[in-house]
Amino acid sequence: MDTADQAETPQVTIRSLEPADAAEASALAGAPGTFAGTLQLPDMPIASRLEFLQKTEPHSCRLVAIAQERVVGSAGLYTAGPSLRRMHVRMLGIGVAAQWQGRGVGRMLISRLLDWADNWAGVLRTELTVHADNDRAIGLYRAMGFVEEGRHLGYALKDGRYVDALFMARLHPRPPRIGAAPG
Ligand SMILES: CC(C)(COP(=O)(O)OP(=O)(O)OC[C@H]1O[C@@H](n2cnc3c(N)ncnc32)[C@H](O)[C@@H]1OP(=O)(O)O)[C@@H](O)C(=O)NCCC(=O)NCCS
């Protein structure tokens, strides 16, 4: 982004998703330009996602990106089921409003999630599933250290055709150790 773009770009801040953000975050998740890359459906009521978004979950991290006092992106890390043996794992989900895509908001959200995972929550493995035709998401995940581990064939119905999905994961680059010297 050059200086002229920066001057015109409203400031984006990242913070935790609060219950009061649920309606805006739900509208974003169901919006054209956002829902197709996930497993959301078109034309679902905002109310259908409110319970999930209003629930506070102590082992998850949920963030929103705010610009001009509006939710323009959201992302989260979620536990991968109740097993103690998978407590070192979190699953990543993310969506950025269409008019904000390609402007660094996704990178900001994932950077913040990975700081939480690496330095505060003891997460060793972060994993995700992404449609194989989602070049921007795959490019962003690779840039953030995720690698492809496998491919699901015919994973999801998307606008009248079945798309494959990639399974990607990132391992903690410097797992913390008890007694290790700082730095
Ligand atoms: C996928 C998504 C979250 C990415 O967020 P974003 O804010 O658009 O991405 P950013 O602007 O932060 O992109 C950062 C990086 O992604 C990569 N990238 C961006 N556009 C790309 C493209 N068209 N092709 C390949 N890589 C691309 C680049 O590595 C880029 O880094 P750079 O800025 O240093 O060049 C967002 O586009 C989105 O919400 N899409 C719809 C919903 C969705 O698909 N969610 C993901 C489900 S798995």
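This tour moves from the whole chain to its strands, its core, the ligand shell and two loops.

The model is predicted: local features require pLDDT of at least 70 and side-chain atom pairs count only at pLDDT 80 or more, while totals for chains, interfaces and linings use all residues. Residues are numbered from 1 along each chain as its sequence is written.

**The whole chain**

Begin with the complete chain, coloured by secondary structure: it has 5 helices and 7 strands, where helices (H or I, at least four residues) and strands (E, at least two) are DSSP runs numbered from the N terminus. Their order along the sequence is α-β-α-α-β-β-β-α-β-α-β-β. The radius of gyration, taken over C-alpha atoms, is 17 Å, close to the 16 Å that the globule rule gives for 183 residues, so the chain is as compact as a globular protein of that length. That rule is 2.2 Å times the number of residues to the power 0.38. The C-alpha trace spans about 50 × 45 × 35 Å along its principal axes.

Of the 183 residues, 27% count as buried. A residue is buried if 20 or more other C-beta atoms lie within 10 Å of its own, exposed if 12 or fewer, and partly exposed in between, with C-beta atoms placed from the backbone.

**Strand β2 and its partners**

Select residues 61-67 next. This is strand β2, in which 5 of 7 residues are buried. Add β1 (residues 12-16), which pairs with β2 in the antiparallel sense over 5 bridges; two strands pair if DSSP finds at least two bridges between them. Val12 stands opposite Ala67 of β2. Then add β3 (residues 70-79), which runs antiparallel to β2 and is joined to it by 7 bridges. Here Cys61 faces Leu77 of β3.

**The nonpolar core**

Show the side chains of Ala25, Leu63, Leu109, Ile110, Leu113, Val130 and Tyr141, which touch the most other members of the largest nonpolar core, a set of 34 residues. Such a core consists of buried Ala, Val, Leu, Ile, Met, Phe, Trp, Tyr and Cys residues joined through C-beta atoms within 7 Å. The largest share, 6 residues, comes from α4. Centre on Leu113: beyond its neighbours within four places in sequence, Leu113 is in contact (C-beta atoms, placed from the backbone, within 7 Å) with Cys61, Leu63, Ala75, Leu77 and Leu92.

**The ligand shell**

Now select the ligand and the 21 residues around it, of which Gly37, Gln101, Gly106, Gly139 and Leu140 come nearest. A residue belongs here if its C-beta atom, placed from the backbone, lies within 6 Å of the molecule. Helix α5 gives the most to this shell, with 6 residues. By type, the shell holds 7 nonpolar, 10 polar and 4 charged residues; Ala, Val, Leu, Ile, Met, Phe, Trp, Tyr, Cys and Pro count as nonpolar, Asp, Glu, Lys and Arg as charged, and the others, Gly among them, as polar.

**Two loops**

Finish at the hairpin of β2 and β3, which has 2 residues between the strands. Gln68 has a positive phi near 50° and, with 8 C-beta neighbours inside 10 Å, counts as exposed. Glu69 lies in the same loop, between β2 and β3, and its C-alpha atom is 9.3 Å from that of Val12, 57 residues apart along the chain.

Last, select Asp43 in the loop between α2 and α3 (50-54). Asp43 is not a glycine, yet has a positive phi of about 60°. Most residues other than glycine have a negative phi.

Conventions: Two residues are in contact if their C-beta atoms, placed from the backbone, lie within 7 Å.
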